[in-house]
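Biologist: Could you take me through this one slowly? I'd like to hear the reasoning behind each label, not just the label.

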Amino acid sequence: MIAKTVFSIIIPCWNGENFLGNILEILLKQGLKSIEVLVVSDGSTDNTEKIAQKYIHRNSNIKLISLNKNSGVSVARNKGLDNAVGEYVLFLDADDVLPNGTLDFYRILLSTKQYDTLVFGYEDSLNERITSKKTLKSHGTEYLAVQFLKTYFSAKIYCCICCIVFRRAFLLKESMRFAEGVKWGEDVQFYEKAFMLSEKIYYTSKITFTRIRRNNSATQAGKINKATKLECDFIRNLQNTSAIVDRYPEVNKEVNYRVACRYLYYLIGYLQEAKNISEVTKKLLQYKELLYRPIVFVFPRTLVIWALRYVPFKLLFWLFGKK
């Protein structure tokens, strides 16, 4: 009798020879009973695939999928999803960490809980020091989609793709795919759509993932120009959130709040990076109306948003030394 695969862990990897061995070692030490690990080499030209093969010889639950050319993380994740057989799916990055006991926790939880989407707490680490914990105090809460969306868009729950477990049958039923050819925000687009389509969502503050950040890391893109990200991320996100509001009009104020916060992020980035006023106004003035939409009150950001409704951009330019 073939043992049931409860869990598929998909690890997209492009030239990850410095990190892949570490995450595979962590997974092996926690035990891969009823778990498969799919390493998707996205056209790697270093020793990524040799490292993966070394671990495959140690445990047959680790598998390698090789793409002929570098096609981007979305293609790699989609390829992993196409080949996964587990009842549930987790997407990891090669340079991140699972705390001790995480896989046992998942095995026990997923044997008793039946949800389309499960969300967990996570923490950020910079240069091997924990800098923040992204959790909402909860020992296990069941949400309807609209309830979760209200909490999430009010910034009470923080998410990243590696702290979310998806039921594979749900992803297949909804034809869920990562947007290919997209450089930034494809993961947010994916899990926000999953939240919208899920019948029920489970959340617990249990930390199951440590996101590693390193100064001068080979896996970090460094400081990304906000102008480029605005075109690739923010504008597309407006389309995604519009679809959510169309489905659940009652989350309109919460969505507007999150959109306004994202607008402020890019506004500040532009004011820091832009060389002149025209560069800022060309990209951002057309979206200032987003600050005037009705929003929920979340202290202190709502106060900042309200204030900026009446602050002329020229004053901001002057404060940031723009001419």
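Modeller: Let's start with salt bridges: this predicted model holds 15 of them.

Biologist: What makes arginine 77 and aspartate 93 a salt bridge?

Modeller: The cut-off is 4 Å between a side-chain nitrogen of Lys or Arg and a carboxyl oxygen of Asp or Glu. Here the N to O distance is 3.4 Å, so the pair qualifies. The two residues sit 16 apart, with arginine 77 in helix 3 and aspartate 93 in the loop between strand 4 and helix 4.

Biologist: Which parts of the chain does the salt bridge between arginine 77 and glutamate 186 tie together?

Modeller: The side chains of arginine 77 and glutamate 186 meet at 3.2 Å, N to O. Arginine 77 belongs to helix 3 and glutamate 186 to helix 7, so this bridge ties together parts that are 109 residues apart in sequence. Put the pairs together and you get a network of salt bridges linking Arg77, Asp93 and Glu186.

Biologist: Why is arginine 77 called buried, and what is aspartate 93 called?

Modeller: Buried means under 20% relative accessible area, and exposed means over 50%. Arginine 77 has 3%, so it is buried. Glutamate 186 has 6%, so that residue is buried too. Aspartate 93 comes in at 24%, which lies between the two cut-offs, so the label is partly exposed.

Biologist: How do you know that aspartate 104 and arginine 107 are about one helical turn apart?

Modeller: They are three residues apart in helix 4, and that is why the separation is about one helical turn. An α-helix has 3.6 residues a turn, so residues three or four places apart point the same way. The side chains of aspartate 104 and arginine 107 form a salt bridge of 2.9 Å, N to O. Aspartate 104 is partly exposed at 41%, while arginine 107 is buried at 18%.

Biologist: Next, glutamate 123. Why is this residue called buried?

Modeller: Its relative accessible area is 10%, and the limit for buried is under 20%, so glutamate 123 fits. You'll find glutamate 123 in strand 5, residues 117–126.

Biologist: What makes the link between glutamate 123 and lysine 133 a polar contact?

Modeller: A polar contact needs N or O atoms within 3.5 Å, one able to donate a hydrogen and the other able to accept it. The side chains of glutamate 123 and lysine 133 are joined at 2.8 Å, so the distance passes. Glutamate 123 also has a side-chain polar contact of 2.8 Å with threonine 210. Leaving out residues up to four places away in sequence, glutamate 123 touches several others, including Ile130, Ser132, Ile207 and Phe209.

Biologist: How do you know that helix 5 is largely enclosed by the rest of the structure?

Modeller: Seven of its nine residues are buried, so we can say helix 5 is largely enclosed. Among them are Ala145, Phe148, Leu149 and Tyr152.

Biologist: And what follows helix 5?

Modeller: Alanine 155 does, with a positive phi near 65°. This residue lies in the loop between helix 5 and strand 8. At 18% relative accessible area, alanine 155 is under the 20% limit and so counts as buried.

Biologist: What makes a positive phi worth pointing out?

Modeller: Most residues other than glycine have a negative phi. Serine 34 is another case: it is not a glycine, yet its phi is about 65°. Serine 34 is in the loop between helix 1 and strand 2.

Biologist: Which peptide bond is cis, with omega near 0°?

Modeller: That is the bond from phenylalanine 299 to proline 300. Proline 300 is in the loop between helix 10 and helix 11.

Biologist: What about the whole chain: how many helices and strands are there?

Modeller: Twelve helices and nine strands. Of the 323 residues, 53% are buried.

Biologist: Last one: what is the average pLDDT of the chain?

Modeller: The average is 88, and 89% of the residues score at least 70. Over residues 216–224, though, the pLDDT is below 50. Where pLDDT is low, the predicted coordinates should not be read in detail.

Conventions: Residues are numbered from 1 along each chain as its sequence is written. This is a predicted model: local features need pLDDT of at least 70, side-chain atom pairs count only at pLDDT 80 or more; totals for chains, interfaces and linings use all residues. Side-chain values use heavy atoms; hydrogens and water are left out. Buried means under 20% relative accessible area, exposed over 50%, partly exposed in between (1.4 Å probe, protein chains only). Helices (H or I, at least four residues) and strands (E, at least two) are DSSP runs, numbered from the N terminus. pLDDT is the predictor's confidence in each residue, from 0 to 100. Contact means heavy atoms within 4.5 Å.
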